[in-house]
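Look at the charged side chains in the model below and see how some of them pair up. The paragraphs that follow go through these pairs in turn.

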Amino acid sequence: MWEARFKTPMEREETQIFHDHLKRERLKRTSQRELILDVFLDTEGHVSSEDLYAIIKAKDPSVGFTTVYRTLKLLKDCGLARELEFHDGRTLYEHEYKHTHHDHLICTQCGALIEFYSEEIEKLQDQIVSKYHFKPLHHSHRIFGICADCQKAEKAAARAKSSVR
């Protein structure tokens, strides 16, 4: 069975944000939601609902996938999680609260995810929203393509194919 552990000040702050959100939405604090929150906060990087479910299921087999999925939505709604949708229908989640903004390069072949930050892109976006008197609420910059490793593999496969002829 899952056991609570000591939380860092940041985790306590995030937990309070989640509890306040549940209260506003008139939703109950449950041990399953607490477990999902704790596991999510312990999981760095990008995680799918299926991956998070597998981790949680190992800790508490009574937690259902729907509970994990709905709790991830609550984490997103209260600003603790950011949702990244991919061209192939996959959705991954990452920490949002007090995490630095970044964008993503996504390999369409192997699924590699490369985080990057560009001051120039951010400034250009600011200029564009200012020009159009637009109030941005959030943005997501994703570039889909082929990573360096997959490009090397393609070249090696092409060389091997041409040497066979």
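**Salt bridges in a predicted model**

Glu83 and Lys76 are joined through their side chains by a salt bridge, with 3.7 Å from N to O. The model that holds this pair is predicted. How exposed are the two partners? Glu83 has 26% relative accessibility and counts as partly exposed. Lys76, at 35% relative accessibility, is also partly exposed. Both values fall in the range between buried, under 20%, and exposed, over 50%.

This pair belongs to a wider set, since a search of the whole structure finds 5 salt bridges.

Another salt bridge links the side chains of Arg29 and Glu34, at 3.6 Å from N to O. Is each partner buried or exposed? Arg29 is exposed, because its relative accessibility is 54% and the cut-off for exposed is over 50%. Glu34 is buried, with a relative accessible area of 14%, and the cut-off for buried is under 20%.

A further salt bridge connects the side chains of Arg82 and Glu94, at 2.7 Å from N to O. Where do these residues lie? Arg82 is in strand S2, residues 81-85, and Glu94 is in strand S3, residues 91-95, so the salt bridge ties together parts that are 12 residues apart in sequence. Both Arg82 and Glu94 are buried. The pair is also part of a network: salt bridges with shared partners join Arg82, Glu94 and Glu96.

Notes:
Residues numbered from 1 in each chain as written. Predicted model: local features only at pLDDT ≥ 70, side-chain atom pairs only at ≥ 80, totals over all residues. Heavy atoms only, no water. Salt bridge = Lys/Arg side-chain N within 4 Å of Asp/Glu carboxyl O. Buried < 20%, exposed > 50% of the residue type's maximum accessible area, 1.4 Å probe, protein only. Helix = DSSP H or I, 4+ residues; strand = E, 2+ residues; numbered from the N terminus.
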